[in-house]
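Welcome! Here is a short guided tour for anyone opening this structure for the first time. Keep the 3D view at hand as you read.

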Amino acid sequence: MNLNFDPKAKKASATGPTSEKVLSVHHWTDRLFSFRITRPSGFRFRSGEFVMIGLQGEKKPLMRAYSIASPNWDEELEFFSIKVPDGPLTSRLQKIQPGDEVMLNRKSVGTLVHDALTPGRNLYLFSTGTGFAPFASIIRDPETYEKFERVVVTHTCRDVAELGYSKQIVDETLNHEFLGELVEGKLFYYDSVTREDYHRTGRITTLIENGDLAEFVGDKTFDPEVDRGMICGSTEMINDTKEILEKAGLTEGSNAKPAEFVIEKAFVG
Ligand code: A2P
């Protein structure tokens, strides 16, 4: 990682897809992989946004929405993907190799962005599976630590191996030559698994309700005055976590109307 990329560079006016080069691919498990591609000059985005990416099809490109996992200062673009055996795109995308071409749309959008939240003290980022991707971007963005005193990123997966990507991103961020100092004592990783033994087991909803998360942060959860949230995972996970935040008095925000928490469905197909 380096912090040389200028996110304020002029946004490209073209909106059609560009062809970008695959730089590296990492297979975490038989279900999850991450990869990095070139970032076209002038491609601007807000940390936490998603973009359409894909592969050239027989007639037209096959594109799907993917959260950008890299922060907006990074010179390259990173993505974290599931592998769906019969998924039209991921069945092919999981086979990409460095040097291959990936199509990238020019326009990024999304609600998991700072602009959609009102100011607060603690930022909770709740994720399951590939829902960690937008948070890999947000926890590596210095703006996050200017806006919040404490950032708690939760990641729940079926088994320990599936936490590999988030664990590495958090470790790299804590040890990064510039970010390390900024995030020290502010960034907290709360990981759990649901289908095997681990130091912490259970769904995030259970761990909130049984008080384990509150004990971890050493504070009451959640207070609409100071706590802000972002949720990314399956539809059911989003709905269940959203219900907990709403019961605590937090309201859902958007780019047009910032409030106390925001949601977005993780890529599934
Ligand atoms: P579980 O193993 O109990 O289903 P997936 O890989 O299927 O997307 O799941 C990722 C993680 O999200 C799993 O640990 C899964 O737990 C958890 N999960 C699934 N549904 C919910 C829900 N409604 N609320 C919270 N966590 C959920």
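Let's begin at a single residue: Asp 171 counts as partly exposed, because its relative accessibility is 34%, a value between the 20% limit for buried and the 50% limit for exposed. Asp 171 lies in helix H4, and this helix will lead us to one of the sheets. Please keep in mind that the model is predicted. The bullet points below take you through helix H4, two sheets, the ligand and a cis peptide bond.

**Helix H4 and two of its residues**

- Helix H4 spans residues 164-174 and lies across E8 and E9, running at about 165° to E9.
- From Asp 171 you can also look across to Ala 248: the two are 77 residues apart in sequence, and their C-alpha atoms are 31 Å apart in space.
- Is Ser 166 buried or exposed? Ser 166 also has its place in helix H4, and it counts as buried because its relative accessibility is 0%, where the limit for buried is under 20%.
- Leaving aside residues up to four places away in sequence, Ser 166 touches Phe 132, His 155 and Tyr 189.
- With His 155 there is a polar contact as well, made from side chain to side chain at 2.8 Å.

**The parallel sheet**

- Which strands make up the open sheet with parallel pairing? There are five of them, in the order E9-E8-E7-E10-E11.
- Strand E9 (187-193) and strand E11 (261-265) are the edge strands, each pairing on one side only.
- On average, neighbouring strands of this sheet are turned by 10° against each other, direction ignored.
- Strand E7 (residues 122-128) pairs with strand E8 (residues 150-157) in the parallel sense, over seven bridges.
- To find this pairing in the view, look for Tyr 124, which stands opposite Val 152 in E8.
- Helix H8 (residues 235-247) packs on the sheet too, where it touches E7, strand E10 (227-233) and E11. The direction of helix H8 makes about 165° with that of E10.

**The antiparallel sheet**

- Another open sheet has six strands with antiparallel pairing, in the order E4-E3-E6-E1-E2-E5.
- Its edge strands are strand E4 (62-67) and E5, and each of these pairs on one side only.
- Here neighbouring strands are turned by 40° against each other on average, again with direction ignored.
- Strand E3 (residues 50-55) and strand E6 (residues 101-109) run antiparallel and are joined by four bridges. Phe 50 has Val 109 as its bridge partner in E6.
- Strand E1 (residues 18-27) and E2 pair in the antiparallel sense over five bridges, and the two form a hairpin with four residues between them. Within this pair, Val 25 stands opposite Phe 35 in E2.
- E2 also pairs with strand E5 (residues 76-82), again in the antiparallel sense, over seven bridges. On this side, Ser 34 has Phe 80 as its bridge partner in E5.
- Why is strand E2 (residues 32-38) described as largely enclosed by the rest of the structure? Six of its seven residues are buried, so the description fits.

**The ligand and its surroundings**

- Which residues surround the ligand? They are Arg 31, Thr 128, Thr 156, Cys 157, Arg 158, Thr 194, Arg 195, Arg 203, Thr 205, Glu 236, Met 237 and Asp 240.
- A side-chain N or O atom of Asp 240 is 2.8 Å from a nitrogen atom of the ligand.
- Glu 236 takes part through its backbone, with an N or O atom that lies 3.4 Å from a ligand nitrogen atom.
- Met 237 likewise has a backbone N or O atom lying 3.4 Å from a nitrogen atom of the ligand.
- Taken alone, the ligand exposes 560 Å², and the protein buries 82% of that area.

**A cis peptide bond**

- Where can you find a cis peptide bond? One joins Thr 221 and Phe 222, with omega at about -10°.
- Phe 222 is found in the loop between helix H7 (212-217) and E10.

Methods. Residues are numbered from 1 along each chain as its sequence is written. This is a predicted model: local features need pLDDT of at least 70, side-chain atom pairs count only at pLDDT 80 or more; totals for chains, interfaces and linings use all residues. Side-chain values use heavy atoms; hydrogens and water are left out. Two strands pair if DSSP finds at least two bridges between them. Axes are lines fitted to C-alpha atoms, for helices over the stretch in contact, and angles run from 0 to 180 degrees between N-to-C directions. Contact means heavy atoms within 4.5 Å. A residue is near a molecule or strand if one of its heavy atoms lies within 4 Å of it. A polar contact is a pair of N or O atoms within 3.5 Å; within protein, one must be able to donate a hydrogen and the other to accept it, and residues adjacent in sequence count only if both atoms are side-chain atoms. Accessible areas come from the Shrake-Rupley method with a 1.4 Å probe; for residues, only the protein chains shown count as cover. Buried means under 20% relative accessible area, exposed over 50%, partly exposed in between (1.4 Å probe, protein chains only).
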